[in-house]
Amino acid sequence: VTGAYYLALAYKSLDNGDKIVPNDFYLCNDERIFILTGPNQGGKTTFARSFGQIFYLACLGCPVPCRTAELFIVDRIFTHFAQEENLSLNAGRLQEDLMRMKGIMDCATGNSLIIVNELFSSTTSHDANVMGKRILEYFTSLDCIVLYVTHIYELSDINKKAVSLTAAVDLSASRADRTYKIIRRPADGFAYANSIAEKYHLTYSEIKERIRV
């Protein structure tokens, strides 16, 4: 797929004049799983939505929001995005995530498309890494198409069927400006670390300012 974009943003841009940033993605040979990492507000969730939207519209036989596309035909599309905690279930956020994911894993086939966005955000990085590996290994055994959005960049090279995508930032800028470009390249974790430093006002320039004071 080349020049992919999210329809909701494109429609909104008609009124506010914002520039839409298109993105490309592709799989080669035995590749089946996209692992998307990067900082907050870097465009990961918007990319995940546009990714699912393209496949959904293609399955309906409709034009898709991109420049060009050559797609797999999928039998079902499964998604796992964050939602408000359901207090009636008498379960914590982690248990809810696991219950929802089990429903997907029980029904998915080798012809399914699965989109997972920030799973296990309520637990530790170590636990999210361990559980994420188990889930991705299962999807690998099915040979289905997966987009897995996560902050756990160690998952990006889990096996030969995985492709690493990163939400790029302009590190030459003073505050690591988001470019909203999704790039096919190995994850390094630097952009995410910079995002955390910004959140807690611990960037190089901010620390220098405090020392000066």
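Along β2, which side chains point to one face and are buried, and which point to the other and are not? In this predicted model, Phe78 and His80 form the buried set, while Ile77 and Thr79 point to the other face and are not buried. The strand β2 belongs to an open sheet of six strands, and the points below follow that sheet, the helices beside it and the nonpolar cores.

**The sheet**

- The six strands are arranged in the order β2-β3-β4-β1-β5-β6, and their pairing is mixed.
- At the edges stand β2 and β6 (177-184), each of which pairs on one side only.
- From one strand to the next, the twist averages 15 degrees.

**Strands β2, β3 and β4**

- Four bridges pair β2 with strand β3 (residues 113-117) in the parallel sense.
- Within this pairing, Ile77 stands opposite Leu113 in β3, and Phe78 has Ile114 of β3 as its bridge partner.
- On its other side in the strand order, β3 is joined to β4 by five bridges, and these two strands also run parallel.
- Leu113 has a bridge partner in β4 as well, namely Ile145.
- The side chains of β3 point in two directions: Leu113, Ile115 and Asn117 point one way, Ile114 and Val116 point the other way, and all are buried.
- Because five of the five residues of β3 are buried, this strand is largely enclosed by the rest of the structure.

**Helices α3 and α4**

- Helix α4 (residues 125-142) packs on the sheet, where it touches β1 (33-37), β3 and β4 (145-149).
- The direction of α4 makes about 165 degrees with that of β4.
- The axes of α4 and helix α3 (residues 93-107) come within 12 Å and cross at roughly 10 degrees.
- An angle under 35 degrees counts as roughly parallel, and α3 and α4 are therefore roughly parallel to each other.
- On the α3 side, the contact is made by Leu94, Leu98, Met101, Ile104 and Met105; on the α4 side, it is made by Met131, Ile135, Tyr138 and Phe139.
- Sorted by class, this contact has nine nonpolar residues, no polar residues and no charged residues.

**The nonpolar cores**

- In soluble globular proteins, nonpolar side chains tend to be buried together.
- The largest nonpolar core in this model has 22 residues, and Phe25, Phe47, Phe51 and Leu147 have the most contacts inside it.
- Two or more residues of this core come from each of β1, α2, β3, β4 and β5 (162-170).
- The element that gives the most is α2, with five residues.
- Leaving aside neighbours within four places in sequence, Leu147 is in contact with Phe34, Leu36, Phe47, Ala48, Phe51, Ile114, Ile115 and Val116.
- Apart from the largest core lies another core, of 21 residues, which includes Ile33, Met105, Val116 and Ala162.

**Val64 and its surroundings**

- Val64 is found in the loop between α2 (44-59) and β2 (77-80).
- When neighbours within four places in sequence are left aside, the contacts of Val64 are Ile54, Leu57, Ala58 and Ala69.
- Tyr5 lies 59 residues from Val64 along the chain, and the C-alpha atoms of the two residues are separated by 9.4 Å.

Key
Residues numbered from 1 in each chain as written. Predicted model: local features only at pLDDT ≥ 70, side-chain atom pairs only at ≥ 80, totals over all residues. Heavy atoms only, no water. Contact = heavy atoms within 4.5 Å. Pairing = 2+ DSSP bridges. Axes fitted to C-alpha atoms, helices over the stretch in contact; angles between N-to-C directions. Parallel < 35°, antiparallel > 145°, perpendicular 65-115°, else oblique. Nonpolar A, V, L, I, M, F, W, Y, C, P; charged D, E, K, R; others polar. Core = buried A, V, L, I, M, F, W, Y, C linked by side-chain atoms within 4.5 Å. Buried < 20%, exposed > 50% of the residue type's maximum accessible area, 1.4 Å probe, protein only.
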